[in-house]
Amino acid sequence: QPREEVIMTSVAESCPFRACMSFVVGGALGGFIGLFNSSIAPHQTAVQMTTRETLIDMRKTIVSNAKQFATIGFMFAGVECCIESYRAKSDWKNSVYAGGVTGAMIGYRAGAKPAVFSAAGFAAFSYAIDYFMHTSSLFNPPG
């Protein structure tokens with residue numbers, strides 16, 4: 001293989017690159033979800049908002065969702081990659097462990113008990129997504 005190809009492959013498979021790409025993609029996904037949420041969310045105001053006020057409110061919702069999804073994507077991808085590198089295995093356990101660690105880090109701001117519940121929830125969700133991705137005929141066509 002050419003040297004440039006080897007370098008690009010090693011960069012693309014590195015943990016910092018994976019985490020940063022998840023940050024970017026998560027931010028874009030969060031922005032689209034924020035746009036959708038802000039377009040259907042009821043505005044609880046006594047007087048009707050002007051177009052400018054509506055756009056400012058939409059921007060706040062979009063930016064907030066983008067930041068949240070970007071942060072979660074960065075944390076999950078970075079932790080999963082580090083766990084995968086440490087274990088030297090690529091299996092379903094990596095995503096479950098990463099989900100637990102990410103959930104615990106997010107929930108810890110509210111205390112120890114919420115961190116445990118958040119870790120369990122993220123780990124279960126990660127397992128469910130991983131199971132679906134590996135067993136679904138949509139992602140693994142027969143043949």
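Biologist: Which residues line the second largest pocket?

Modeller: Ser-22, Val-25, Gly-26, Leu-29, Gln-68, Phe-69, Ile-72 and Gly-73 line the second largest pocket. This is a predicted model, in which local features need pLDDT of at least 70 and side-chain atom pairs count only at pLDDT 80 or more, while totals for chains, interfaces and linings use all residues. Residues are numbered from 1 along each chain as its sequence is written, and side-chain values use heavy atoms, with hydrogens and water left out.

Biologist: How is a pocket read, and which helices supply at least two residues of the lining of the second largest pocket?

Modeller: Rolling a probe the size of a water molecule over the atoms shows where empty space is left. On a 1 Å grid over the protein atoms alone, a pocket is an open set of points where a 1.4 Å probe fits, with protein on both sides within 12 Å along at least five of seven lines, and a lining residue has an atom within 4 Å of a point. In the second largest pocket, helix H2 (15-40) and helix H3 each supply at least two residues of the lining, where a helix is a DSSP run of H or I of at least four residues, numbered from the N terminus. The volume of this second pocket is about 170 Å³, a volume being the space filled by probe spheres set on the grid points, which are joined across faces, edges and corners. Its lining has four nonpolar, four polar and no charged residues (Ala, Val, Leu, Ile, Met, Phe, Trp, Tyr, Cys and Pro count as nonpolar, Asp, Glu, Lys and Arg as charged, and the others, Gly among them, as polar).

Biologist: What is the volume of the largest pocket, and which element gives the most to its lining?

Modeller: The largest pocket has a volume of about 370 Å³, and the residues that line it are Ile-72, Gly-73, Phe-76, Ser-95, Thr-102, Phe-122, Phe-125, Ser-126, Ile-129, Asp-130 and Met-133. Two or more of these lining residues come from each of helix H3 (51-87), helix H4 (92-107) and helix H5 (112-135), and H5 gives the most, with six residues. Sorted by class, the lining of the largest pocket has six nonpolar, four polar and one charged residues.

Biologist: How many disulfides does the structure hold, and which cysteines form the link?

Modeller: A disulfide is a covalent bond between the sulfur atoms of two cysteines. The structure holds one disulfide (a pair of cysteine sulfur atoms within 2.5 Å), and this is formed by Cys-15 and Cys-81, whose sulfur atoms are 2.1 Å apart. The angle about the S-S bond is -85 degrees, and the link of Cys-15 and Cys-81 is left-handed. Cys-15 sits in helix H2 and Cys-81 in helix H3, 66 residues apart, and the pair thus links distant parts of the chain.

Biologist: Are Cys-15 and Cys-81 buried or exposed, and why does Cys-82 form no bond with Cys-15?

Modeller: Cys-15 and Cys-81 are both buried (buried means under 20% relative accessible area, exposed over 50%, and partly exposed in between, for a 1.4 Å probe and protein chains only). Cys-20 is in no disulfide, and the nearest cysteine sulfur, that of Cys-15, is 11 Å away. Because the sulfur of Cys-82 is 4.5 Å from the closest cysteine sulfur, in Cys-15, it is too far for a bond. Cys-20 is partly exposed at a relative accessible area of 42%, and Cys-82 is partly exposed at 47%.

Biologist: How many aromatic pairs are there, and why is the pair of Phe-23 and Phe-74 called edge-to-face?

Modeller: A pair of aromatic rings is described by the distance of the centres and the angle of the planes. There are three aromatic pairs in the structure (rings of Phe, Tyr and Trp, the last by its six-membered ring, with centres within 6.5 Å; planes under 30 degrees apart count as stacked, over 60 as edge-to-face and the rest as tilted). The rings of Phe-23 and Phe-74 have planes at 85 degrees and centres 6.1 Å apart, so the pair is edge-to-face. Because Phe-23 lies in helix H2 and Phe-74 in helix H3, the pair ties together parts that are 51 residues apart in sequence. Phe-23 is partly exposed, with a relative accessible area of 43%, and Phe-74 is partly exposed at 39%. Tyr-127 and Tyr-131 form a stacked pair, 6.2 Å centre to centre with 25 degrees between the planes. Both of these tyrosines lie in helix H5, four residues apart, which is about one turn of the helix, and Trp-92, Tyr-127 and Tyr-131 form one aromatic cluster.
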